[in-house]
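Thanks for coming. I will go through one structure this morning, so please have it on your screens.

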Amino acid sequence: MTSSESAPDGERAAGIITRGLAAVIDLIVVLVIMGALYGGLVLVMIVYSPAAFSLPSLSAVFSTVVTFGVAVVYLTGCWTVSGSTAGAVTMGLRVVGRRSPRVGLFVGLLRAVGCVLFPIGLLWVVVDRRRRSLQDIVFRTRVVYSRPAAT
């Protein structure tokens, strides 16, 4: 391991492959949540008016706004509570603050909005010596490999 691969406290910064795979897994989780929300909407409509039921058609704008909201809430909640999303846990990663093992709520929210609105910022990991995305640079966070719990 070279000095450019290690963080100041010895934690290794995650690379583009693991971070990209974690992002794909998180996208799948968000899509599953969206499917569950749609299924819940269908069930509520069946309960309240079974005779006049038809599958709801949702506009592209509405679906985009709800998907954005679900993704931001999901990422913010996961990063502030544990530092790891489902994708990050699967890939052995976690998001940490500049000097803290956790990301605060405000920073987590801003980072989530940045990641959802500008996902291409992840590609900066390829050219940055310290393996930081644009979101990591702007919000002073790091994505590092998690250490397994000691037994």
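Let me begin with one residue: is Leu 117 buried or exposed? Leu 117 has a relative accessibility of 59%, so it counts as exposed. The cut-offs for those words are under 20% relative accessible area for buried, over 50% for exposed, and partly exposed in between, with a 1.4 Å probe and protein chains only.

Before going on, a note on the model. It is a predicted one, where local features need pLDDT of at least 70 and side-chain atom pairs count only at pLDDT 80 or more, while totals for chains, interfaces and linings use all residues. Residues are numbered from 1 along each chain as its sequence is written, and side-chain values use heavy atoms, with hydrogens and water left out.

Now the layout. The chain has five helices and two strands, and from the N terminus the order is α-α-α-β-α-α-β. These elements are DSSP runs numbered from the N terminus: helices are H or I with at least four residues, strands are E with at least two. The C-alpha trace spans about 65 × 35 × 25 Å along its principal axes. Of the 151 residues, 32% count as buried.

Back to Leu 117, which lies in helix α4, residues 105–117. Leu 117 also belongs to a nonpolar surface patch of about 850 Å². The other members are Phe 118, Ile 120, Leu 123, Trp 124, Val 126, Val 127, Leu 134 and Ile 137. A patch takes residues with over 30% relative accessible area and no salt bridge; nonpolar side chains (Val, Leu, Ile, Met, Phe, Trp, Tyr) are joined within 5 Å, and like charges within 9 Å. Areas come from the Shrake-Rupley method with a 1.4 Å probe, and for residues only the protein chains shown count as cover. Over the whole chain, about 9300 Å² is exposed, with 72% of it supplied by carbon and sulfur atoms.

Next, the interior. The largest nonpolar core has 17 residues, and Val 30 and Leu 93 have the most contacts inside it. Helices α1 and α2 (60–81) and strand β1 each give at least two residues to this core, and α2 provides the largest share, seven residues. Such a core is a set of buried Ala, Val, Leu, Ile, Met, Phe, Trp, Tyr and Cys residues joined through side-chain atoms within 4.5 Å. Leaving out residues up to four places away in sequence, Leu 93 touches residues including Ala 14, Ala 22, Val 143 and Tyr 145. A contact means heavy atoms within 4.5 Å.

Last, the charged pairs. How many salt bridges are there? The count is five, where a salt bridge is a side-chain nitrogen of Lys or Arg within 4 Å of a carboxyl oxygen of Asp or Glu. In one of them, Arg 94 pairs with Glu 11, with the closest N and O atoms 2.3 Å apart. That pair links distant parts of the chain, since Arg 94 is in strand β1 (residues 93–97) and Glu 11 is in the segment before α1 (16–48), 83 residues apart. Glu 11 also meets Arg 142, at 3.6 Å from N to O. Here the separation is 131 residues, with Arg 142 in strand β2 (residues 141–145). Glu 11, Arg 94 and Arg 142 are thus linked in a network of salt bridges. Glu 11 is buried at 8% relative accessible area, Arg 94 is buried at 18%, and Arg 142 is buried at 18%.
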